[in-house]
Protein chains: 2
Amino acid sequence: VVIIATTSFLSEVAPDIRTAVEAGSNVLCSAEEAAYPWAVNESVANELDQLARQHGVSILGCGLNPGFAFDALVLTACGAAWDVSSIRVERVVDLGGFGQTVLKRIGVGHTAQQYEANRRNGTITGHIGFPQSMSVVAGRLGINLERIDREMSPLIAGRDYEARHLTVKTGTTAGFEQRYVGIVAGRPWFECAFLGHVDPASIGKPPRDEIWIRGSTPLHFAVIPGLNPQSGASAIIANSVQRIVEAPPGWVTVADLPPAVATSRTAV
Amino acid sequence: VVIIATTSFLSEVAPDIRTAVEAGSNVLCSAEEAAYPWAVNESVANELDQLARQHGVSILGCGLNPGFAFDALVLTACGAAWDVSSIRVERVVDLGGFGQTVLKRIGVGHTAQQYEANRRNGTITGHIGFPQSMSVVAGRLGINLERIDREMSPLIAGRDYEARHLTVKTGTTAGFEQRYVGIVAGRPWFECAFLGHVDPASIGKPPRDEIWIRGSTPLHFAVIPGLNPQSGASAIIANSVQRIVEAPPGWVTVADLPPAVATSRTAV
């Protein structure tokens, strides 16, 4: 198994994935866009899917999100529901442990003017991976998403913050809120609300993950305190080693696979 | 796909499973003991596993519990954990919707004397399926359970209750508490606490499902209000149709399979 944990973007990881597959390795990739590459570039996705089948190996893009919080856990929750009329997922995430490069790219540590300019030119992305998670869930449920609406707005620091790898000054961005809505038949079918902040508890939003499955048997799942982005992502990837080895050949998603689990040391 | 939803016991469903498999059908079975038949009768389990492989079909025992609350959801939760030092699951379940036969068998509607006598002679079983869930989880995590300790005690009605299919008189059993503990290296590794009552909210225990994964990255998952035993079990079974058709041949468990999901009507 080759683990590729470099950037977020399919175009940047595709050459490494190709090399690993041609060498006969299964691949785990942390790039958000790798969770469902067809959402980004169908021809690259199909080419690497075919290549993996030819070599009898599997590719999986996964992490905590995409890979768990907005998709695998949501699909698991759906199992106990008679039907799914719509889904809402809310995450409040402590960004304090991220490195400076990631924080800047997702939108932390900017003046309001810088934030707005960089959001427009695409160098500030917010959290990446909503379309991937939505496509994985919708695809497994047999739903066609008509479009995905998206909003993003900054959270301005009311005081200075010392994050692990970045000082956030009063008046600059300490976080952001995103709302992605997958539309089916003209109505919200999958709503994702994401609040990220270098210290979310300080603004009255302690980290949490919540899922509501609406339908004739409504369900509410919660993970409190919320999943930690660093330990959670590394856990999901490490815990996917066994399932990617056992997976059918091709580019698979978490919707196709059994739960990721840490096999005990003695069993490995 | 043949769905067998009759009794709880492997010995009673095995002939029907055999018939279905010999006819070339995949099988979904709601019998608690079918969730991990090796825990009950290894030779019957192995024989039907082999038979299914010969016929190229799959057998899955599943429902809400076993099949979800104490196993599939637990394994999914484990995915986000670096390691699993121990697991605790608590369920508070509203038994009010069960039929009279099931209620009597699990321990509701008896005088204290009847309860004690029937518990001893085995005609009162409490909830069935703890060893199955524990074996599925431990097996997937590569853990050997040394033994499973078990306790069960009645909850006596402080007033009359009108359940849907049974009247419970003051002073008789309105529910029960069970505690199953899977022991590894002499210590509790998997604790399951189950409180069932015909109206649990009336004794200050509203239905809920909670999971704690202990280790270097502790996690806490909650389903509140708790999963409904009737709608949940039927959902899991119906939502397993697609995954049992796609499953590898043999007797499989929920640890081997992707999430159960309701495929949309149009997609079916």
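A:Ala222 stands opposite B:Ala222 in S11(B), at the point where the two chains of this predicted model share a sheet. Strand S11 (residues 219–223) of chain A and S11(B) run antiparallel and are joined by three bridges; strands are counted as paired if DSSP finds at least two bridges between them. Helices (H or I, at least four residues) and strands (E, at least two) are DSSP runs, numbered from the N terminus. Residues are numbered from 1 along each chain as its sequence is written, while chains are lettered from A and ligands numbered from 1 in the order in which they are written. Local features need pLDDT of at least 70, side-chain atom pairs count only at pLDDT 80 or more, and totals for chains, interfaces and linings use all residues, with side-chain values resting on heavy atoms and leaving out hydrogens and water.

The open sheet that spans both chains has 12 strands, in the order S5(A)-S8(A)-S9(A)-S4(A)-S10(A)-S11(A)-S11(B)-S10(B)-S4(B)-S9(B)-S8(B)-S5(B), and its pairing is mixed. Strand S5 (147–156) of chain A and strand S5 (147–156) of chain B stand at the edges, each with a single partner strand, so one side of each has no neighbour in the sheet. On average, neighbouring strands of this sheet are turned by 10° against each other, direction ignored; axes here are lines fitted to C-alpha atoms, for helices over the stretch in contact, and angles run from 0 to 180 degrees between N-to-C directions. Within chain B, strand S10 (residues 208–214) pairs with S11(B) in the antiparallel sense over five bridges, and B:Ile213 has B:Leu219 as its bridge partner in S11(B).

Beyond this strand pair, how many residues of each chain take part in the contact between chain B and chain A? The contact (heavy atoms within 4.5 Å) involves 46 residues of chain B and 46 residues of chain A. The two chains bury about 3,400 Å² between them, 58% of it on carbon and sulfur atoms; buried area is the accessible area (1.4 Å probe) that two parts lose on being put together, summed over both. In chain B, the residues that lose the most area to chain A are B:Thr76, B:Arg140 and B:Pro259, together 18% of what that side buries.

Polar pairing also crosses the interface. There are 16 residue pairs in polar contact between chain B and chain A, both residues at pLDDT 80 or more; such a contact is a pair of N or O atoms within 3.5 Å, where within protein one must be able to donate a hydrogen and the other to accept it, and residues adjacent in sequence count only if both atoms are side-chain atoms. On the chain B side that touches chain A, H3(B) provides the largest share, six residues. That side divides into 29 nonpolar, 13 polar and four charged residues, with Ala, Val, Leu, Ile, Met, Phe, Trp, Tyr, Cys and Pro counted as nonpolar, Asp, Glu, Lys and Arg as charged, and the others, Gly among them, as polar.

Salt bridges (a side-chain nitrogen of Lys or Arg within 4 Å of a carboxyl oxygen of Asp or Glu) number 32 over all chains, and two lie across the interface. B:Arg140 forms one with A:Glu246, the closest N and O atoms being 3.5 Å apart. A:Arg140 forms a salt bridge with B:Glu246, where the closest N and O atoms are also 3.5 Å apart; this pair runs from helix H6 (residues 130–141) of chain A to helix H8 of chain B.
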